[in-house]
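Dear colleague,

I am passing on the structure we spoke about, with the sequence alongside. Please have both open while you read the notes underneath.

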Amino acid sequence: MNEPLVTTPIANDPLAPAVVSNSEEPAVLAVEQEEPVAIARGASLSETVAKLRRSDAGSRELECLAAGVYFESKSEPLAGQLAVGQVIANRAESRGRFPSSYCGVLTQRGQFSFVRGGRWPAVNKSSLQWKNAVAVARIVAADLHASNVGKALFFHARRVSPGWRLTRVASVGNHVFYR
């Protein structure tokens, strides 16, 4: 019998959670008016990213999540990009500790150094790094791959040592993650 497949019924809601199905149909990820994409459960992160690469994130919320992934981790391995995206999503889901949207989390004053006055620098949306960030954002939003950082809410680059009194959760790529 085949492994269960992840089915993401998000035709018009890119933030809807994924559900697990025993159907032999491939998982379907559909964002707004885009063609649905089939993703088999158990596909590697790199395979899933390859299938979900796009220049257009599909919504403002996914664009914000992709911008966070892009500016914080575009040169990282995909697992590091996924971990950064997961922290942004965890913050949005934290119920009161942070804003409840990806855009709110990203533009919260003093949280991300690349954001100035609620805006971030221009992005070359035809670059592979941006397309990967969009794919990672879509993966995080649809909960298609587990991240090694669990419910982490904070991270910093390895090159700094902020002296936080938080519980260290993981180290992925060039970042250290905490809850």
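What follows is a description of the chain as a whole, then of its helices and how they pack, and then of a few single residues.

Please keep in mind that this is a predicted model, in which local features need pLDDT of at least 70 and side-chain atom pairs count only at pLDDT 80 or more, while totals for chains, interfaces and linings use all residues. Residues are numbered from 1 along each chain as its sequence is written, and side-chain values use heavy atoms, with hydrogens and water left out.

**Confidence and overall make-up**

The average pLDDT (the predictor's confidence in each residue, from 0 to 100) of the protein chain is 84, and 80% of the residues score at least 70. Residues 1-28 call for caution, since their pLDDT stays under 50 throughout; for this stretch the model has 65 contacts (heavy atoms within 4.5 Å) beyond four places in sequence.

The protein chain has five helices and seven strands, where helices (H or I, at least four residues) and strands (E, at least two) are DSSP runs numbered from the N terminus. Along the sequence they come in the order β-β-β-β-α-α-α-α-α-β-β-β. The chain has 179 residues, of which 48% count as buried; here buried means under 20% relative accessible area, exposed over 50%, and partly exposed in between, with a 1.4 Å probe and protein chains only. Among contacts with a separation of 6 or more, 54% are made by residues 24 or more positions apart.

**The helices α3 and α5**

Helix α5, residues 128-142, has 15 residues and runs 21 Å from its first C-alpha to its last, close to the 21 Å expected at 1.5 Å a residue, the expected span being 1.5 Å times one less than the number of residues. Twelve of the 15 residues of α5 are buried, so that the helix is mostly covered, and W130, N132 and R138 are among them. Helix α3, residues 78-92, likewise has 15 residues that should span 21 Å, and its end C-alpha atoms are 21 Å apart, which agrees. α3 is mostly covered too, with 13 of its 15 residues buried.

**How the helices pack**

For the packing, axes are lines fitted to C-alpha atoms, for helices over the stretch in contact, and angles run from 0 to 180 degrees between N-to-C directions. Angles under 35 degrees count as roughly parallel, over 145 as roughly antiparallel, 65 to 115 as roughly perpendicular and the rest as oblique.

Helix α2, residues 60-73, packs on α5 at an angle of about 120 degrees, with the axes 8 Å apart, and the two are therefore oblique to each other. On the α2 side the contact includes L62, L65, V69 and Y70, and on the α5 side it includes W130, A133, A137 and V140.

α2 also packs against α3, here at about 130 degrees and with the axes 9 Å apart, which makes this pair oblique as well. The residues that make the contact are L65, G68, V69, E72 and S73 of α2 and G80, Q81, V84, G85 and I88 of α3.

Helix α1, residues 45-52, has an axis that comes within 10 Å of that of α3 and crosses it at roughly 75 degrees, so α1 and α3 are roughly perpendicular to each other. L45, S46 and V49 of α1 meet L78, A79 and L82 of α3 in this contact.

**Single residues to look at**

A79, which lies in helix α3, is partly exposed, with a relative accessible area of 36%. Leaving aside neighbours within four places in sequence, A79 is in contact with L45 and V172, and its C-alpha is 7.4 Å from that of G173, although the two residues are 94 apart in sequence.

N90 is also found in α3, but with 4% relative accessibility it counts as buried. Its contacts, again without the neighbours within four places in sequence, are with G150, K151, A152 and L153.

Two residues other than glycine have a positive phi near 55 degrees. R95 is placed in the loop between α3 and α4 (102-107), and at 79% relative accessibility it counts as exposed. D143 comes just after α5, in the loop between α5 and β5 (154-157).

With best wishes
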